[in-house]
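Welcome! Work through these short exercises with the sequence and the 3D view open, and try each task before reading its solution.

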Amino acid sequence: ARVSWEEYRPGSALEAIDAKIAEMHALAKRLNQSAARCLKIQLGTMPKPKPSETSLISSASVDAVAAHLKDCKNVIVLTGAGISTSAGIPDFRTPGTGLYDNVQNYLDRYKLSNPTELFSYKLFQTDPTPFYSLCKDLKYPSDSAHPTIAHYFIRLLSDKGILLRNYTQNIDMLQNKTGIPEEKVFEVHGSFRSGSCTRCPVTYSEEQLKAFIMSGKVGYCSECGEGVVKPGIVMFGEPLPKDYLLKISKDEGKCDLLITMGTSLTVGPVNQIPNSIPPSTPRLLINMEQVCVDENRAMNLSAPLFFFDHPDNKTDIFIGGPIDDGVRLLADKVGWLDDLLTLAQQ
């Protein structure tokens, strides 16, 4: 375990070493669990998922989870692009309106076969023009987008002192605009808050990054002149932030309620969060439609499996429809609707 010189001082060295070792153990445990699961899936020996026999709530209902929320201490909120669509930011996969359904002209122009290639790090390394062009046309990141009711609900949980962490797959930074403390948010896929050179250690601010994008030209590093300025987002083919596994391995065991909003839970490894919390912890999904209810899909993709309609379900609750409406419903049942609306108005 590596301990920095600042940490090595009388009375703290052993504690620092113990902390580093504990982090390494937690990471090793997480990686071993993931490897074992993948191996079982490949060998066809993965046991059939089944509902938890115990639960922290009296029944798998919205009323029960609302009553439980009043007593929670460590709520994890997992969010996807669906919570930002009412702010005017399209999600990726919704048929017709999703980003992937509206980029055919880019695929034709740059001779790409799949929409995900636009966000591929491999393509960005060889030709960053398609990505820069898409961002400019979308005027992204945008100053005109404002947080939604769903974003403010996460802020409300923080104000109530019960938000353990918001793990967001979004790169739009809207949750931070609500005033949530930075340490309460983990941007799993990064953000446009800053950029960096692909060749040298130079970094660029959000304003500088935006200027590069809106110029209509690929931004090259002003220091080395060779590297491309890349936004601080995680592209396909890139690893997640190095402290993700350490953070979630510490948080998952504490979670007494998981609220998942606006995501298809297609992209791993963040889609493993519903599987990694304690079995008796309630799992609330607020989404336009139910996801992860196909047992075969869950087994093949190592995705979570929800048991909304299972007769033995004790933990999984679904609120369908627009995300903001679902959040209002939950807040109303908890008795926090006035607090939520006041917060959003302020």
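**Exercise 1. Ring pairs**

How many aromatic pairs does a search of the whole structure find?

Solution. Before counting, note that this is a predicted model: local features need pLDDT of at least 70, side-chain atom pairs count only at pLDDT 80 or more, and totals for chains, interfaces and linings use all residues. Residues are numbered from 1 along each chain as its sequence is written, and side-chain values use heavy atoms, with hydrogens and water left out.

Step 1: take the rule. Rings of Phe, Tyr and Trp (its six-membered ring) pair if their centres lie within 6.5 Å; planes under 30 degrees apart are stacked, over 60 edge-to-face, and the rest tilted.

Step 2: apply the rule to the whole structure, and the search gives nine aromatic pairs.

Step 3: classify one of them. Phe-186 and Tyr-244 have ring centres 5.9 Å apart and planes at 55°, so this pair is tilted. The pair joins distant parts of the chain, 58 residues apart: Phe-186 sits in strand β3 (residues 185-187) and Tyr-244 in helix α9 (residues 244-251). Helices (H or I, at least four residues) and strands (E, at least two) are DSSP runs, numbered from the N terminus.

Step 4: check the surroundings. Both Phe-186 and Tyr-244 are buried; buried means under 20% relative accessible area, exposed over 50%, and partly exposed in between (1.4 Å probe, protein chains only).

Step 5: compare with another pair. Tyr-204 and Phe-212 are edge-to-face, with 5.6 Å centre to centre and 80° between the planes. Tyr-204 has 6% relative accessibility, so this residue counts as buried.

Step 6: look for a group. Phe-119, Phe-124, Phe-131 and Tyr-132 are linked by ring pairs into a cluster.

**Exercise 2. Cysteines**

Why does Cys-255 form no bond with the closest cysteine sulfur?

Solution. Step 1: recall that a disulfide is a covalent bond between the sulfur atoms of two cysteines. Here the rule asks for a pair of cysteine sulfur atoms within 2.5 Å.

Step 2: check the distance. The closest cysteine sulfur to that of Cys-255 belongs to Cys-72 and is 8.1 Å away, which is too far for a bond.

Step 3: give the total, which is zero disulfides by this rule.

Step 4: add the burial. Cys-255 has a relative accessible area of 3%, so this cysteine is buried; Cys-135, at 5%, is buried too.

**Exercise 3. An enclosed helix**

Which residues of α2 are buried?

Solution. Step 1: list the buried residues, which are Val-62, Ala-64, Val-65, Ala-66, His-68 and Leu-69.

Step 2: interpret the list. Six of the eight residues of helix α2 (residues 62-69) are buried, so the helix is largely enclosed by the rest of the structure.

Step 3: find the packing partners. The buried residues of α2 pack against several elements, including β1 (75-79), α6 (149-159) and α12 (323-334).

**Exercise 4. Two residues in helices**

Is Ile-273 buried or exposed?

Solution. Step 1: locate Ile-273 in helix α10 (residues 273-276).

Step 2: read its relative accessible area, which is 0%, so Ile-273 is buried.

Step 3: list contacts (heavy atoms within 4.5 Å). Leaving aside neighbours within four places in sequence, Ile-273 is in contact with Leu-78, Tyr-167, Tyr-244, Ile-248 and Leu-258.

Step 4: repeat for Lys-210, placed in helix α8 (residues 206-214). Lys-210 has a relative accessible area of 19%, so this lysine is buried. Not counting residues up to four places away in sequence, Lys-210 touches Pro-141 and Asp-143.
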